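Reader: I'd like a close look at one small part of this protein, and then a walk outwards from there. Could you keep it chatty and explain the terms as you go?

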Amino acid sequence: MELIDQIMNQISDYVTDPMAVSNCLYIAFQDYSITKKSTELTEYVPDPNDILIKKFLVVKKIKGCTDRTLHYYQKELPRIFERIGKNALDVKVDDIRLWIALRLRDGISATTIGNEKRVLSSFFTWLHGEDIIHKNPMVAIDTIKQKKTQKEAFKDDEVVAMRNQLTTSREKAIFELLLSTGCRVSELVGIKLDEIQEDYSILVHGKGQKDRYVYMNANAKFAYQQYINDRKDNSIWLFPRMISIQSEDFHKGKGMKSWYKNPKLVNEAEHADKGTIEFIVRKWGKKCNVKAYPHKFRRTCATNALRNGMPIEMVSRMLGHQNIGTTQIYLDLNDDQMKMMHERYVR
């Protein structure tokens, strides 16, 4: 090896037996390949999956997917391919089956895996439609069975308990609008004032950019009007965001609850964050020892509507569901209530 010869020339004056040292070095390096260090810049080769995902996101954006959906695709696809451990173009049916099996083995819920599978299916359907791949591996993947469990709505006494401890017009407006309209929390924070009609109907923007109207009942109308009367700002949003405040006294609670009454504290350019509403709702429940979260208001609205005689088709439309099967999961009806409705409607 040329390198060993160079080393021996350097140390020959300092060792008594250069040949022995040379032999030892040859033996030591016999299983190694030594190459000259290069200082040249290497050409950047982008990840093939990254390129395909970016193209996929552009197509989905053009087709009208919401930013929320695009962000979910952008976050999940790299994670999925990292777990599969292959380039998207090399993925086969067995690779996907193994990935699903490992996720189930690791205790991941069928709901989560089902959501991931839908993301992957959308991606491979696009690849196949663009003739980037000749066969879609997702076609042979069976549907993951998910247990459809009926969720609970708020009991009447729980609604009363939470309503009684509300202290500001803003909290009351959030509470009554969630309960009356059945809105998703993302729809609630996205409401603009000019989308509220004179008859108190509200245009909301649902999943997949599907718009629909929802409606205020008497409690919601009263709470909404009180809240609007307290507002002095010029924000276009029904529930604007609060500006960042550094004052220590403010964060200790002085003026915190009624901040929306002071236009100087209102961030007129942005609406409230989804997480803020979720925090507020959980706080209500904690005070009353009730398990509370925004989606439970949606389920309660649907259940109350059906109990009071609204046809399930209209309940489904009110919630913005594409099929009645999804709506049925929302409903919290016991056997006695089903018997009463049967006696009323089936003659």
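Where is Tyr200 found?

Author: Tyr200 sits in the loop between helix H9 (185–189) and strand E1 (201–205). Before going on, bear in mind that this is a predicted model, where local features need pLDDT of at least 70, side-chain atom pairs count only at pLDDT 80 or more, and totals for chains, interfaces and linings use all residues. Residues are numbered from 1 along each chain as its sequence is written, and side-chain values use heavy atoms, with hydrogens and water left out.

As for the names, helices (H or I, at least four residues) and strands (E, at least two) are DSSP runs, numbered from the N terminus. The chain has 16 helices and four strands in this sense.

Now, the backbone of Tyr200: its phi is positive, about 70 degrees, although Tyr200 is not a glycine. Most residues other than glycine have a negative phi. Tyr200 counts as partly exposed because its relative accessibility is 24%; the scale is buried under 20% relative accessible area, exposed over 50%, and partly exposed in between (1.4 Å probe, protein chains only).

Another residue to put beside Tyr200 is Asp131, also not a glycine, with a positive phi near 60 degrees. Asp131 is in the loop between H6 and H7, and at a relative accessible area of 62% Asp131 is exposed. That loop, between helix H6 (110–129) and H7, also holds Val139. Val139 counts as exposed too, with 67% relative accessibility. From C-alpha to C-alpha, Val139 is 9.4 Å from Phe124, with their positions 15 residues apart in sequence.

Follow that loop into H7 and the picture turns inward. The buried residues of H7 are Glu158, Val159 and Met162. Looking down the axis of H7, these fall within an arc of 100 degrees, so they line one face of the helix; the arc is that of the directions from the helix axis to the C-beta atoms. The face of H7 turned away from this buried side carries the exposed residues Asp156, Asp157 and Asn164. On the buried side, H7 packs against H8, helix H12 (274–288) and H13.

Glu158 is worth a pause. This residue of helix H7 has a relative accessible area of 18%, which is why Glu158 counts as buried. Leaving aside residues up to four places away in sequence, Glu158 touches Ala153 and Val290, where contact means heavy atoms within 4.5 Å. Glu158 and Val290 are 132 residues apart in sequence, yet 6.8 Å apart in space, C-alpha to C-alpha. Chain-wide, 62% of the contacts with a separation of 6 or more are between residues 24 or more positions apart.

A second glutamate can go alongside: Glu76, in helix H4 (residues 67–84). Glu76 is buried at 8% relative accessibility, and touches Glu116 and Val119, again not counting residues up to four places away in sequence.

H7 also takes part in a pocket. A pocket here is an open set of points, on a 1 Å grid over the protein atoms alone, where a 1.4 Å probe fits, with protein on both sides within 12 Å along at least five of seven lines; lining residues have an atom within 4 Å of a point. The second largest pocket is lined by 22 residues, and Ser180, Tyr215, Cys301, Met310 and Met318 lie nearest its centre. Elements giving two or more residues to this lining are helix H7 (156–164), helix H8 (169–181), strand E2 (211–215), helix H13 (294–307) and H14.

H14 closes the tour. The buried residues of helix H14 (residues 312–319) are Ile312, Val315, Ser316, Met318 and Leu319. Down the axis of H14 they fall within an arc of 160 degrees, so they line one face of the helix. Met318 therefore turns up twice, as a buried residue of H14 and as one of those nearest the centre of the second largest pocket. Just after H14 comes Gly320, with a positive phi of about 80 degrees.

Stepping right back, buried residues make up 37% of the 347 residues in the chain.
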